[in-house]
Amino acid sequence: MLTDPSFWLVQGLNSLQLAMLLFLLSVGLTVIFGLMNFVNLAHGSLYALGALIGYSIAEASGSVFLAFLLAPLAVTAVGALLYITLIERLRSAGPLPQVLVTFGLIFVLMDAQRYLWGSDALGVTGDVPFSGTIHIGSEPYPAYRLFIIAVGIAVFAGLYLLLNRTRLGAEVRAGVDDAETAAALGVNVERTFFLVFLLGCGLAGLAGAVAMPAFSAEAGMGVEILVPTLVVVVVGGLGSLSGAFVGSLVIGVTLTFGTALFPDFAGIAMYAALVAVLLLRPQGLLPARS
Amino acid sequence: MTRHLLALALFAALFAWHSQAEYYGFELLAEIAVFAILAMSLDLLAGYGGMVSLGHAALFGLGAYLYSWLGSDMVGLSAPLAILGAAFGTGVIALAVGAVAVRVEGIFFIMITLGFGQMGHEFFFQNKALGGDDGLFGIQRLDLSGIGIDLSDPGSFALAALVSAALVYVLLAWVLATPFGAVLKGLHANPNRLRALGLRVLTYRAAAFAFSGTVAGFAGSISAQHTQFITPHLLNWTTSGEVLIMVILGGLGTLVGPVVGAVVLVLLRHELSSITDYWGAIMGGFLILVVLSRQNGLVGLVERLLPGRRG
Amino acid sequence: MLEAVGLCKRFGALDATHNVSLRLEAGARHAIIGPNGAGKTTLFNLLAGEIRPDSGRILLDGREVTRASPDARARAGLGRSFQRNNLFESETVALNLALADIARRGTGWQVWRRLASDRAARARAEAVAAQVGLGDDLASPVASLSYGARRQLEVALALMGEPKVLLLDEPTAGMSPEETGRMLGLIDSLPAGLAVLIVEHDMDLVFAHAHRITVLNYGEVLFEGTPDEVRASALVQDTYLGEDAEAC
């Protein structure tokens, strides 16, 4: 198996695909963390919500593309609601109350999802775009997974431009670097945070909607993806786009090859990577601030 | 002082309930005692030491599994040795995990503990030798027939569990009054200053994590004896969440608060689980409400309302 | 007691500290002055152990501490206060002092005795509290103290460890004249054998109380000498005291 080049090719692509999903989730978390020292633990639940809403839209309209478009918007709206009703109130209370509230939200959203969609895994029944296989060399590979990879890379490119070529991006980078000074220079840090938070929610929803045709949707998928996402944030380094990208690649490769080579211990490999980073380079591989 | 009086009153009420209870009451009391011990151990770490863990149940479950494994045919230790092995074995593992985890602070630490907790859950889930997803049956209780106590009797077991919980309260209250307890509070208030004053911050944090883990493992060994059947769910993030909510609902950093929280949450869960499938949402809702209220849980509220006390 | 040899520290393109040396004997009263941006804070942090130098050495009572952590330096006999109050805000004055004592002596492992039962420690805390004028406030929460009292406590924490070398970072920062007077009284009453290094902006304090002064500019030592020598130096006059001299 290990000498077969197609094994490496397939698992390599699988790693990339998992990495892209992790990237879509971790980038929002890490930039928000860098900006405001706050982690939304319910972020995984928004991913699940994106998948479930995407499922419903796809089933109702017959178009999975419509789901890709509308589910992220719906999740962003939910995120805005959560921010306005809960998170904003606790801005002055410090990071711990905010984290605790989002932790409580995991339970609430999980049950809400079970109530609305049930506990079973839901697979979309209509036509899924890119559902064929593409031959890479002699190896057949699901085209849809290549689509996911493409989406991830496109989002990375888009975010890179946003962060480095727009005013909002400059404000975000300033806020991550030194929120106090940025505010003193006239950057409306609260507003920047709100926009970045919404963007993060939208990306989580997109990740869910895009993952749904390949992996089906169910209420428990939020917590399942949360821990690898948090590991990516720690390993990649907080506050940076490239950190999220590189961290996602590291964890994507670790989990995919780990599952293929040592099925029972794949999780351990990921935690080993986490421990190694914590011991050797606690600030992460590519932190925004050193 | 008020808090110790509150604890005295609370334990007195629990013992009084025990004297009137029957089977169902005994089962509830035993569960309350187990979670009170677990919640107190988390309060020591989080409320006093300032290290909030979202993976504490993993240490609890580890204690349960260690007790079961040590007492089983695979190892064959007597129950008292298995209890000690479970508690201190969990403490050792907590020390190893803590030594790594305490190198980061605040939210990073919270995230790491969530991760490690899930790793623990995954380990026992995959481990077929210890039952995997199906769990472990036939766990033996401590044999106290030599002193005339039959722990297979639900009433006696519940009483033993309650006494254990009371003793743990006294032990932790004592530790908090020692120089080590002062260091814990200092680590919460200002670890940087402690470092500048000459304290090895990481060493003490890891020690606190290990001590808290030992107590959590002890709670696990009692839980295993209570239900005599354990599953990996004991280590799950939902269980960690429940314990944390107990501490916060009762009052972080009060030691008696976790006991209050354990009583309230265990009773509520039993009442409401039979009516609704969505106990999780209710628990999460409680947590959100308590945090939004800006009071330090029920004990914090009581202290606020007491005459002659400033806020 | 404390010796720094050729300390250098760069931050990117900025030479924050360049080839700085100084030497304090026991009983020294040494001040570091310089305009804003001269590198006083960086030098202070290098000595305290918050940052490591790129090159150079630091010796504490003859022992190499160049790369030692802040807590190792404290255990070796270095005490320091902070420019912005860095106290245990949620606790009482007594517990603040007790923590300083525990940290220095390594008694944090004592789980077999109650904190309150250590009479020797309590006596030490009472003595230091009296020395800084907080003798009646031991049971008070830090939150209830005035700013000046907190600054006193800030120094008291560093004194609890019975240090050989004491680093004071702008001890009179933000104080009223009355509070400044009290702080000066405290500095005057410090043990004669203690080597004291003060970073200060208050020139009156410096010239009245320091035995030796190091003047920094752009990260380098511009001049070092007694207060009279510093006042007489044309070099220092021009670059630093220039405006004041002209105003006289």
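pLDDT is the predictor's confidence in each residue, from 0 to 100. I kept that in mind today, as this is a predicted model.

**Entry 1, confidence in chain B.** I looked up the scores first. Chain B averages a pLDDT of 92, and 99% of its residues score at least 70. Within chain B, I found the highest confidence in helix α9(B), residues 201-227, at a mean of 97. The lowest is in α5(B), at a mean of 88.

**Entry 2, where chain B meets chain A.** I turned to the contact next. Chain A puts in 33 residues and chain B 29 residues. On the chain B side, the elements giving two or more residues are α5 (106-126), α10 (237-250) and α12 (279-293). Which of them gives the most? That is α5(B), with 11 residues. I also checked the classes: the side of chain B that touches chain A has 19 nonpolar, eight polar and two charged residues.

**Entry 3, a strand in chain C.** I then went to β8(C), residues 195-199. Is it buried or exposed? Five of its five residues are buried. I looked at each face in turn: C:A195, C:L197 and C:V199 lie on one side, C:V196 and C:I198 on the other, and both faces are covered.

**Entry 4, partners of β8(C).** I traced two parallel pairings. Strand β3(C), residues 29-33, joins β8(C) by four bridges, and β7(C), residues 165-169, pairs with β8(C) over five. I found C:V199 opposite C:I32 and also opposite C:D169. From β7(C) I followed the chain through helix α6(C), residues 177-188, to β8(C); this β-α-β crossover is right-handed.

Key
Residues are numbered from 1 along each chain as its sequence is written. Chains are lettered from A and ligands numbered from 1 in the order in which they are written. This is a predicted model: local features need pLDDT of at least 70, side-chain atom pairs count only at pLDDT 80 or more; totals for chains, interfaces and linings use all residues. Two residues are in contact if their C-beta atoms, placed from the backbone, lie within 7 Å. Ala, Val, Leu, Ile, Met, Phe, Trp, Tyr, Cys and Pro count as nonpolar, Asp, Glu, Lys and Arg as charged, and the others, Gly among them, as polar. A residue is buried if 20 or more other C-beta atoms lie within 10 Å of its own, exposed if 12 or fewer, and partly exposed in between; C-beta atoms are placed from the backbone. Two strands pair if DSSP finds at least two bridges between them. A crossover is right-handed if, with the strands pointing away from the viewer, the path from the first strand over the helix to the second runs clockwise.
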